[in-house]
Amino acid sequence: MTPPKAVTLSPAPELPEFDRAPVLRVRAMPADTNPAGDVFGGWVLSQMDASGAMTAARRSQGRVVTIGIEAMKFHKPVLVGDELNCYCRVIKVGRTSITVDIDTWVRRYLTDEPHHVTEGIFTYVAIDEKRRPRTSDTWGWHREDEHHDWS
Ligand SMILES: CC(C)(COP(=O)(O)OP(=O)(O)OC[C@H]1O[C@@H](n2cnc3c(N)ncnc32)[C@H](O)[C@@H]1OP(=O)(O)O)[C@@H](O)C(=O)NCCC(=O)NCCS
């Protein structure tokens, strides 16, 4: 197996760009909490994973699987009622992999108060119907697509 190179998180934006559409926007509900009433880190992580997978699937024009998560950090808690927004940016395309930088921001319940709650770098591998890695030269996107905002 090819070991991945270490990557570092890019600086987060000063403020969330709530005017820009996130890849995923969802409200944290009571069912997403642990017995102490805090929202599970695993729930937040799964929202990030799903948004990164959508980004990678669009970029590779097909099915993807998560292979690694790096540089994950939970900066602040997510509270019940928060509106969670996942912003994704493709930062690397390899032979079969796509690496996506994901920033998550919340707006607290019924306010416009923004909080940068998590960030992480998720890597996906493009696979075919037999779960074999697909190489980027087969993804069927064109050179002019490089200028498109795939996020
Ligand atoms: C995806 C899978 C088919 C890849 O097979 P593999 O033999 O492990 O593949 P490789 O070692 O050749 O690695 C494939 C790519 O992933 C990258 N990679 C491997 N381990 C990685 C890690 N820990 N973090 C980031 N990238 C990683 C490699 O650098 C390579 O990238 P490149 O082709 O762009 O150069 C296989 O690992 C698999 O099925 N894993 C399970 C996926 C899964 O179930 N995910 C959870 C549910 S979605």
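**Burial and contacts**

I began with burial in the protein chain: of its 151 residues, 30% count as buried. I note that the model is a predicted one. Next I looked up contacts with a separation of 6 or more. Residues 24 or more positions apart account for 72% of them.

**Secondary structure**

I counted one helix and five strands in the chain. I then read the elements along the sequence and got the pattern β-α-β-β-β-β.

**The sheet**

In what order do the five strands stand in the sheet? I found 1-3-4-5-2, in an open sheet with antiparallel pairing. Strand 1 and strand 2 are at the edges. Each has a single partner strand, so one side of each has no neighbour in the sheet. I also looked up the turn between neighbouring strands. On average it is 25 degrees, direction ignored.

I took one pair for a closer look. Strand 3 covers residues 83-93 and strand 4 covers residues 97-107. The two run antiparallel, and 10 bridges join them. I picked out valine 90, whose bridge partner in strand 4 is valine 100.

**The helix on the sheet**

Which strands does helix 1 lie across? I listed strand 1, strand 2, strand 3, strand 4 and strand 5. Against strand 4, helix 1 runs at about 135 degrees.

**Around the ligand**

I turned to the ligand and found 16 residues surrounding it. The closest are Gly68, Gly94, Arg95, Thr96 and Ser97. I checked which elements give two or more residues to this shell: they are strand 2 (64-74) and strand 5 (114-126). Strand 2 gives the most, with four residues. I then sorted the shell by residue class. It divides into seven nonpolar, seven polar and two charged residues.

**Methionine 29**

My last entry is on methionine 29. I placed this residue in the loop between strand 1 (24-27) and helix 1 (41-60). Is methionine 29 buried or exposed? I found 12 C-beta neighbours inside 10 Å. The cut-off for exposed is 12 or fewer, so methionine 29 counts as exposed. I also looked up its distance to valine 80. The two are 51 residues apart in sequence. In space, they are 5.4 Å apart, C-alpha to C-alpha.

Terms used:
Residues numbered from 1 in each chain as written. Predicted model: local features only at pLDDT ≥ 70, side-chain atom pairs only at ≥ 80, totals over all residues. Buried ≥ 20, exposed ≤ 12 C-beta atoms within 10 Å, placed from the backbone. Near = placed C-beta within 6 Å. Nonpolar A, V, L, I, M, F, W, Y, C, P; charged D, E, K, R; others polar. Contact = placed C-beta atoms within 7 Å. Pairing = 2+ DSSP bridges. Axes fitted to C-alpha atoms, helices over the stretch in contact; angles between N-to-C directions.
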